[in-house]
Amino acid sequence: MRMLTKFESKSPRVKGVAFHPKQPLLAASLHNGTIQLWNYQMGTLVERYEEHDGPVRAICFHPTQPIFASGGDDYKIKVWNYKTRKCLFTLNGHLDYVRTVFFHHEYPWIISASDDQTIRIWNWQSRQCIAILTGHNHYIMCAQFHPKEDLVVSASMDLTVRVWDISGLRKKNTSHQPMSFEEQMQRANSGQADLFGSTDAVVKYVLEGHDRGVNWVSFHPTLPLIVSCSDDRQVKLWRMSDTKAWEVDTCRGHFNNVCVALFHPRHELILSISEDKTIRVWDMGKRTPVQTFRREHDRFWALVAHPDLNLFAAAHDNGVIVFKLERERPAFSLYQNTLFYVRDKTVRMHDLVNGSDVGVMNIKKLGPAYAPPLTLSYNPAEKAILVNETSDGGIFDFFRLPQEGTVGDSVTDAKRGQGSSMLFVARNRFAVFSRPTQTIDIRDLSFSITKSMKVPLQTTDIYYGGTACVLLAGAASVALFDLQQQKVLAELTTQPVKYVVWSTDNNMVALLSKHTITIANKALTQTCAIHETIRIKSAAWDDSGILVYTTLNHIKYALPSGDTGIIKTLDQPIYLTRVKGKVVHCIDRNGRPRTIDIDPTEYRFKLALSKENYDEVLQIIRNSNLVGQSIIAYLQKKGHAEIALHFVQDPSTRFDLAIECGNLDVALEMARAVEKQDVWARLATQALKQGSHKIVEIAYQKTKNLDRLSFLYLATGNEDRLKMMQAIAGKRGDQMSRFHNSLYLGDVNERVSVLREVGMDPLAYFAAKSNGLDELAEEILEAAGMTEEDVPAIASSSRSTLAPPVVVNPGATQDWPSRPVGDNFFAKALANGHSITEAPRTNGDVADQGAAELSAWGAEDPLAVDESGADAEDGEEGWDIDVEVPETADEEKDEAEVEDAVPEDNMSPGITENEIWVRNSPLAADHVAAGSFETAMQLLNRQVGAVNFAPLKPLFLSVYRSSHVYIQANPSLPPIQLHVRRNPTAAPATSNVFPVVSCSLQNIVSNELQDAYAFVKKAKFNEALALFRTIIQSLLLVVVSTDAQAQEVKDIVSACREYILGMTMEIERRRLAVEEPENVQRGLELAAFFAHCDLQPVHLQLALRSAMSVWSKAQNYATAAVFARRLLALNPTDARVTTQARSIVSQGDRNPQDALETSYDHFTEFVVCASSLTPIYKGSPSVKSLFSGASYLPEFRGNVDAIDLCTAVGANGSGLRSVLKI
């Protein structure tokens, strides 16, 4: 049995917990007085309530109303409304701690148990206490209503469990008539009469058997059973009849007080929690333990079962955990229109067409009754079925379908085998995978093993991968494995895969993880990845190639491009089996097939749009009712704002879309409808960008932006309009505008007049004098009472040359040449075309008929001035003046010039230099230089099994930057990028163009490697380790041109491996000497292993001297002498070293013993495991790193190589490729 954790919160100690019966809400009452309300599906805290004073021990939701009740150590019961997030009222009456509160399933009652030795029943509508149940003589820890009958059960510290009959209370509070005389007499004779002469609640049974106080008691939901738990560490099962109650059995196993025990709502199981930090599951029939779930540090205090779902919540010292026992996903398999699935341990066959549903095989003996089957595989050729279950390490049944109309039994009709997962791989073969042994057995239908093989990767499960192929799912990848060739055909890195869903034609596959869907083709080439914040439950492929999948609360879709959307909201999770048209076939959590109607219009529309199938897009637009902001936002995001225009009628939205797609005709129409200043300003900006002078002019008129309007007339050479603007400025009294317009027109007299009117006579005089207007200058002097002698003389060379620019190309009468915005597929199909047979729907309303309804799609020139001069009138709306505006005659556009200005449709950009590099080279270094990091990582993964690319990020960036040079252009322009080639003389069109790579073999050998050797000699082991590791990582991106250089690369990799391993061991040995001086044995072993590394002779001498010294100090003279002899064989030049070595050899000969026993054996050949730093002796199993060649123990397969920190141990690959001959 498995505990599947669905939600876990972190908080102070939780004393009570309750599920909402319908919504995914969980209330937790804390010891610090706080009540938390959680959404356990989303994992979010919804609300916090803090009105209790002291710990809150009791919490309960009402079955139907939006309220919950709480009770605490402040003696109060509070009723809350979680929608208004307020406390509605408080029930006062208890005189001590309130332990539990529960709502009645039918009546407006709350039952509460308290340390004041009473049980109270309250009417929460009248807010009155309607009954007080007395009889216990110690704290009452729990009191609950029976789920169906008029009974109450209570547990107390007085060692008893009591069952109360409250039928009298029900009659008293629900009947409109008083009790009869006979009823009153009968109840009075029982000896428990209330103040009014009738009895509300009587004790029916008193159950005694516990040795200490009873903490919890609860009824079975359907059977006459009671379960109780106590501080005596026992869980007891009781049975009731109409006349008596007795103890059935006791479950023993807890080591501390048992706080809560309850019945499993669906299976014959009992769950209990205890202060011994365990949750235990018991078999109700056998009264034996089934499973124990432990937490390391948290005592459990409360346990509750969801009223409808297979969910439990347990409160502990540090929060709440929501879990379920075993999964609810039914095992199923679909073949054409027939669904095979399992419900209630019976394999059933369901026809998706006519809805018939029959059982075909009873599999109740396949595992425990409460453990559902995991998978089901169907073989249509032989009508055979495989069903497996996880108990006992994995078991499965193989059987053929019985004759129609009969139900078989797996005990007699099936064959049983062991295996973790299995499936049919051919007509008469099925594969059985064993997770402990990592093997796949191929069996025929007679159950004989025809072939057995080891899987090449660490595998957790196998899935169908096509005929004679399986998908091997590992911890971080999925591989396509050919069973005949016994080799991996492809591999894809993913999150841990839980389910695999193939499309109908087996060309696409969806790999479902907990929160991720990876979509790939049949060759395991990833097309997209989808991430969800909540758990993904199932998926199925639509006939059109759309993946429809479900989460906990939604049915969603995913396009091949990775775009997703919501189809429908769910109350409870479902498991998809097939999607056909507008119908989704699924199985609910009760294991029953269902159908759900959906609207596939949205995702079909998006699919057609992504495939540029505009005929289907047009058909969907005409015949469907696509509405909403989501579809509009999607069209805008994908650059189809012109299509989005068809879905909206709101003028503001239509204006925004028209501006985005550059449709100035529609934008102008909507701007006139909206009539806002900011709208006209945006229209002016966009029209100016597109060179539509007439629309710019209208917009400036509407915004009364006269200065910009004057400049527009200047830029387009419209002198008539400039003169008009000058006259308008004069009537408005705007002297600055008059001066600007006179400058634009070159009207000196007007400029002088403006200066004189504003009192700037000196400037007026100089303006007139410098422009040759001597008479006007003298007039100005005379008016000022001055002569020419009174003012400075103006040199003849200072004569003004200021004049308006000469009009080169008159643009006042025509806009810039541009392609018509509406002249596209949709404009032709939708605007004024005979192809429209009925008015399309837009946002649910029927659009107007005729050409006017789609004027935004097909209007040629909405600004054309008709003979009546309508355009002039429109223009005057924004002027507020009474000045005649001269008409501007429209000229015909030159069609040929416009066509020449439009680029050809079939023009496309050429291939970039980076793309040429990627195409030409199979080396990862060249792909990195081209900026194609993804393909580079794929190459390294296939060649050397690289999986961790974080250490390579600085190298990737360095190589990429080194292969490009940037030259600063003008300040307003981006820099110019130049590509640096290692063969600059090659022609751009040839296949011999390659980038320069900064990782040079010569630099590594001459500089970096020598620096690393120097660090070793100086005993700077940490610096040496870092540098050697940088070198070995750099060798992944080295490019050489000869085979000799390639061999040199391999030699350097081997050298780096040895030094990294040696440095690691020496650093660890020195750490042990400081932090764990008592661990002498391990230090000796590390020193010995270091001396066995293949180092340079000068460095090997240092390692041998160190080992010799360490072993001699530990009085292991025999082994120390071995190192001394090896040192002497190297002929050290230092005489002192030679003398010391000979002395240790003599000492070893005199005393050939070792004081400490170690795992080092110099007589047997061995290599050192780079991860555990332990010896792997010759003949022992081991795995290697493909790139570094480091050896590892088998349990480290799949881990990241400790030498290079990049590649996976034991990964398969073609080997590093670094040679490229030009």
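This dialogue reads a few features of a predicted model.

Biologist: How many disulfides does a search of the whole structure find?

Modeller: General idea first. A disulfide is a covalent bond between the sulfur atoms of two cysteines. Here the search of the whole structure returns zero.

Biologist: Take two cysteines, then. Is Cys528 buried or exposed?

Modeller: Cys528 has a relative accessible area of 7%. Buried means under 20%, so Cys528 is buried. Cys1056 is buried too, at 0% relative accessibility.

Biologist: Next, packed helices. What describes them?

Modeller: Two numbers: the angle between their axes and the distance between the axes. Take helix 31 (residues 1117–1129) and helix 32 (residues 1135–1150). Their axes come within 8 Å and cross at roughly 145°. The crossing is left-handed.

Biologist: Which residues of helix 31 meet helix 32?

Modeller: On helix 31, they include Tyr1117, Ala1120, Ala1124 and Leu1128. Among their counterparts on helix 32 are Val1137, Ala1141, Ile1144 and Val1145. The contact residues divide into ten nonpolar, three polar and three charged.

Biologist: Now a sheet. What is the strand order in the open sheet of four strands?

Modeller: The order is 18-19-20-21, and the pairing is antiparallel. Strand 18 (214–219) and strand 21 (245–252) are the edges, each pairing on one side only. Neighbouring strands are turned by 20° against each other on average, direction ignored.

Biologist: How many bridges join strand 18 to strand 19?

Modeller: Five, and the two strands run antiparallel. Strand 19 covers residues 225–230. For one of the pairs, look at Val214: its bridge partner in strand 19 is Ser230.

Terms used. Residues numbered from 1 in each chain as written. Predicted model: local features only at pLDDT ≥ 70, side-chain atom pairs only at ≥ 80, totals over all residues. Heavy atoms only, no water. Disulfide = S-S within 2.5 Å. Buried < 20%, exposed > 50% of the residue type's maximum accessible area, 1.4 Å probe, protein only. Pairing = 2+ DSSP bridges. Axes fitted to C-alpha atoms, helices over the stretch in contact; angles between N-to-C directions. Left-handed = near helix turned anticlockwise from the far one by under 90°. Contact = heavy atoms within 4.5 Å. Nonpolar A, V, L, I, M, F, W, Y, C, P; charged D, E, K, R; others polar.
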